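Colleague: Could you take a close look at one part of this model for me? I would like to hear about the strand that carries Phe-30 and what surrounds that strand.

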Amino acid sequence: MKEEEEKEEDARFYKMYIIYDEYYHTPRMFFSATDIEGKPIDNEKIKEDIQKEYLDKTLTMEPFPFIEGLTMPTVHPCKHANVLKSMSDAMRESGHKVESHFALLIFLKFITSVIPTVEFDITGDLHFEW
């Protein structure tokens, strides 16, 4: 019982902000987190939920473009286009039609590789065979 209580105390709730990055011409995700009581979690603690191989490479701390003075973690978009294209190509090669309305689902699938502790309720099916 004590272990379950500790897990509940450590629970983090994320808000994800997907914007369009005009420089890289791809989606970009910023995010913030709160604890179970709704108190903000600092950016250093958020880094604990990121795949170690992406820390300081893909994850950067940058000003959130819609709230002055707010810095948030973001999955840097410089390689998004290449990754999203390779994921789409993998779907095509496995015989699946890639339709434009799957773009957001493909992006969210990519984000879960960077932040594996975040779960999305994706109601569509994506088929990847590597």
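Modeller: Happy to; I will start with the overall layout, then turn to the strand, its partners and the core. Please keep in mind that this is a predicted model.

The protein is built from four helices and four strands, and from the N terminus on these elements follow the order α-β-β-α-β-β-α-α. Of its 130 residues, 33% count as buried. The accessible surface of the protein comes to about 8900 Å², and carbon and sulfur atoms account for 50% of that area. Taking contacts between residues at least 6 apart in sequence, 50% of them join residues at least 24 apart.

Now to your residue. Phe-30 sits in strand S2, a strand that spans residues 26–34. Strand S1, residues 13–21, pairs with S2 in the antiparallel sense, and nine bridges link the two. One of the residue pairs here is Lys-15 with its bridge partner Ser-32 in S2. The hairpin of S1 and S2 has four residues between the strands, and in this hairpin His-25 adopts a positive phi near 60°.

S2 also has S4 as a partner: these two strands run antiparallel and are joined by two bridges. Met-29 has Val-75 as its bridge partner in S4. Phe-30 can be placed against that residue too, since the C-alpha atoms of Phe-30 and Val-75 are separated by 6.8 Å although the two residues are 45 apart along the chain.

What does Phe-30 touch, if residues up to four places away in sequence are not counted? Its contacts include Lys-15, Met-16, Tyr-17 and Ile-19, and of these Lys-15 belongs to the stretch 13–21 that forms S1. Phe-30 also touches Glu-62, Pro-63, Phe-64 and Pro-65, together with Met-72, Pro-73 and Thr-74. With a relative accessible area of 2%, Phe-30 counts as buried because the cut-off for that class is under 20%.

The neighbouring position, Phe-31, leads into the largest nonpolar core. This core has 23 residues, and Phe-31, Ile-50, Phe-110 and Ile-115 touch the most other members. The elements that give two or more residues to the core are S2, helix H3 (80–93) and helix H4 (103–114), with H4 providing the largest share, seven residues. In general, nonpolar side chains in soluble globular proteins tend to be buried together.

Ile-50 ties back to your strand: leaving out residues up to four places away in sequence, Ile-50 touches Phe-31, Leu-55, Leu-59, Val-114 and Ile-115.

Helix H3 also holds a polar residue worth a glance, Ser-88. Ser-88 counts as buried because its relative accessibility is 12%, under the 20% limit. Apart from neighbours within four places in sequence, Ser-88 is in contact with Val-98 and Ile-106.

To finish, here is a view of the surface. Phe-66, Ile-67 and Leu-70 make a nonpolar surface patch of about 300 Å². Leu-70 is in the loop between strand S3 (59–63) and strand S4 (71–75), and S4 is the strand that pairs with S2 through two bridges. Leu-70 is classed as partly exposed because its relative accessibility is 32%, between the 20% and 50% limits.

How values were computed: Residues numbered from 1 in each chain as written. Predicted model: local features only at pLDDT ≥ 70, side-chain atom pairs only at ≥ 80, totals over all residues. Heavy atoms only, no water. Core = buried A, V, L, I, M, F, W, Y, C linked by side-chain atoms within 4.5 Å. Buried < 20%, exposed > 50% of the residue type's maximum accessible area, 1.4 Å probe, protein only. Contact = heavy atoms within 4.5 Å. Patch = residues over 30% accessible without salt bridge, like charges linked within 9 Å, V, L, I, M, F, W, Y side chains within 5 Å. Areas by Shrake-Rupley, 256 points an atom, 1.4 Å probe, with all protein chains shown as cover. Salt bridge = Lys/Arg side-chain N within 4 Å of Asp/Glu carboxyl O. Pairing = 2+ DSSP bridges.
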